[in-house]
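Me: Could we go through this structure together, one question at a time?

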Amino acid sequence: MTSLLDGLNPEQLAAVTLPGQSALILAGAGSGKTRVLTTRIAWLIQTGQVSPLGILAVTFTNKAAKEMLTRLTAMLPINTRGMWVGTFHGLSNRLLRTHHREAGLPQLFQILDTADQLSAVKRLLKSLNVDTEKFEPKKVQYFISGNKEAGLRPQQIEVFDPYTRRLVEFYAAYDEQCNREGVVDFPELLLRSYELLARNDVLRAHYQERFRHILVDEFQDTNRLQYRWLKQFAGAQSVLMAVGDDDQSIYAFRGAHTGNMNEFQRDYAGDNVIKLEQNYRSHGNILDAANALITQNQSRLGKNLWTAEGSGEPIRVFEAYSDQEEAGFIVEEVKALQREGTALVDMALLYRSNAQSRVLEHALFSAGVPYRVYGGLRFFERQEVKHALAYLRLLANPDDDGAFSRVVNFPTRGIGARTLEQLADAAQAGGTSLWQAARAKADASKDSAKGLPGFVALMLAMQEGTQGLPLPEVIEHMLHASGLAAHYLAEKEGADRLENLNELINAATVFANDPEAMAELDEVGGPLASFLAHAALEAGDHQAGAGTDALQLMTVHAAKGLEFHAVFLGGLEEGLFPHEQSMNEQDGIEEERRLMYVAITRARRRLYLSHAQSRMLHGQTRYGIVSRFIGELPPALLKLVNTRRNAAAPAGYDSYVAPASSVRSNTSPWRIGMNVRHAKFGVGVVVNVEGQGDDMRVQINFGGANGMKWLALEYAKLEPA
Ligand SMILES: Nc1ncnc2c1ncn2[C@@H]1O[C@H](COP(=O)(O)OP(=O)(O)OP(=O)(O)O)[C@@H](O)[C@H]1O
Ligand SMILES: [Mg+2]
């Protein structure tokens, strides 16, 4: 039997087997930090130093947490059921469910994602008759979340001016509203669980006794509240291991605080600082480029990486006329690599901003290359899915006013704005939820089939009809009873949305069959509640077609911790990367440079950097100059690969990409894969063409809220975009 410790280098081995002491592992990208962390957990368990339940391991994304559990079970035949391995938010959720009473929450509290939170703020401001020109809902939301992330409640905020005083009042009223409705937003998950432990000596002692080993990955990106949260779990006997790389700190803009590393050293690690310097991920040229880049930063703890691998291939640089030519180049290279035997999942397209993915997606779609976007419009954020989730939330907790407002008149049941205003007034006067106010009204009403009484009757029947059903059947029942299914069936463009609703049933089926997810159920309070929590916390990895070989598309932020055989990094232009919002300050530029360092170090064997002279972004053509970051790389490591450019051809998509065979030949100027602009819906991609002549219809994916639409060409005014 091979040992867990086989193949570790001496420093890694020391870190994995460090006896009973806290330590900080400070090391560059690809040096095996995550591997050390996971191996240490397995080793501690295997050698009987701790039971699986005595481990608390925190990582940054759901993807990373899942990966950690998978690697653990591959190393050790253990049951990970009940193990505390997860994200800060996921573990907070678990803590609050288990101790909901002590935390002052209903057991079935619902989680508001960022969009839900914004609607809750809007609803609040409306009920307070606030002028939203003066107090923009987004800014109020930002104020509330920012303070929560700093660990501050309204009464703890220092107020120097009347404007801030108002904001603090809104924050307090918002908290009241959330408590009344039994809902919790993202930052509240953390703050509430931190406060729970800080205040409750018995609970804190219980967890401190339980968690003998606490391990944190990507420690450089924790904020102050997260660090304080961690400290609540650490008792006198707990051993902590934090793993991080100051050069990869990329969340300062969201309050991440690299000072935590110094504090951790002071609080726990002392002189136990382990450095790992051998990189096992990348070939030499890629690593040299990363090292050369990051040394341009002033503020860093300083370290270098080396590799035993050869230098490998040069870094390929492509200069494009336009973003479309850039996309065409990338698609051709992806296809060539695929022909040579590299799987698509082992290639990634990275970009600085989400908005850049549209052109890439368009080119990939046209060329028939399957791809997956991580962290784009999340499945659970789609309009129809949110409607369905709101019905489910109401089933779980009828006092959830946010969910109530979303679906009381969707599909339309002839409930007017005036009725809803009266209802809100009644609820406010009586200090009750909207649902309770609606029930009172319905009881007093004679005609119970229509309007508000009809909705109340519908929900009561739904509560009864779903009792005792397995989760997927609850959803199916709800989709029909609520009228959502019929609504989208009747809509001309509803097919896509219906498909997503069916996908929701699939997601629930997968969830209900996932032993790990279900393992939390005992603590969490039933399948529906935990599925809803999952929906709110899921980082968007859920997309139809998961499991097939597909190219990976994501922002550089989302690529943290991952690695790929080949990486394409596009849009290397000043203003885009480094991002224009960061260009005026030294700190901003240094954070962008760390982000660039993260991007480069994702590549194992092959790295492509590209930039375009012109680019369509947010509806405008921008003319960009090449990013300073390319200039900061040693020229000897780079190779310009513009050999296939046809200088005579006009710049643009058609000049570069070979016509895709999937394009149907018809007389229409609109072809599948084409970019078009519609006066109302904006820019989209043609995905289907039907009919002839005047009857011709095209289906267009406008993305975002507009989604898929069928448009009749006779009426729709379309132009090429
Ligand atoms: N001792 C080793 N022998 C062989 N391969 C190793 C060794 N240590 C790590 N690796 C491999 O090197 C790669 C990088 O490791 P890992 O992802 O743990 O690095 P990391 O320091 O966490 O990187 P990042 O900073 O990007 O998160 C992985 O493929 C890992 O399996
Ligand atoms: Mg890592």
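Reply: Happily! A residue is buried if 20 or more other C-beta atoms lie within 10 Å of its own, exposed if 12 or fewer, and partly exposed in between, with C-beta atoms placed from the backbone. This is a predicted model, in which local features need pLDDT of at least 70 and side-chain atom pairs count only at pLDDT 80 or more, while totals for chains, interfaces and linings use all residues. Residues are numbered from 1 along each chain as its sequence is written, and chains are lettered from A and ligands numbered from 1 in the order in which they are written.

Me: Is glutamine 220 buried or exposed?

Reply: Glutamine 220 sits in the loop between strand S6 (213-216) and helix H10 (224-233); helices (H or I, at least four residues) and strands (E, at least two) are DSSP runs, numbered from the N terminus. Leaving aside neighbours within four places in sequence, its contacts (C-beta atoms within 7 Å) include Asp245, Gln248 and Thr258. Because 22 other C-beta atoms lie within 10 Å, glutamine 220 is buried.

Me: Which helix gives the most to the largest nonpolar core?

Reply: A nonpolar core is a set of buried Ala, Val, Leu, Ile, Met, Phe, Trp, Tyr and Cys residues joined through C-beta atoms within 7 Å. The largest has 114 residues, and Leu392 is one of those with the most contacts inside it. With 8 residues, the top contributor to this core is helix H15 (residues 383-396).

Me: And what does leucine 392 touch, not counting residues up to four places away in sequence?

Reply: In soluble globular proteins, nonpolar side chains tend to be buried together. Here, leucine 392 touches Ile475, Met478, Leu528 and Leu532.

Me: Which helix gives the most to the shell around ligand 1?

Reply: A residue is near a molecule if its C-beta atom, placed from the backbone, lies within 6 Å of it. Of the 19 residues around ligand 1, those that come nearest include Lys33, Thr34 and Arg35. The helix giving the most, with 3 residues, is H2 (residues 33-46).

Me: How much of the span 6-283 is helix?

Reply: UniProt, in an unreviewed entry, places the feature "domain: UvrD-like helicase ATP-binding" at residues 6-283; its positions are given in the numbering used here, feature names are shortened, and annotations may be inferred rather than shown by experiment. The end C-alpha atoms of that span lie 22 Å apart. Strand makes up 12% of the span, and helix 50%.

Note on methods:
Two residues are in contact if their C-beta atoms, placed from the backbone, lie within 7 Å.
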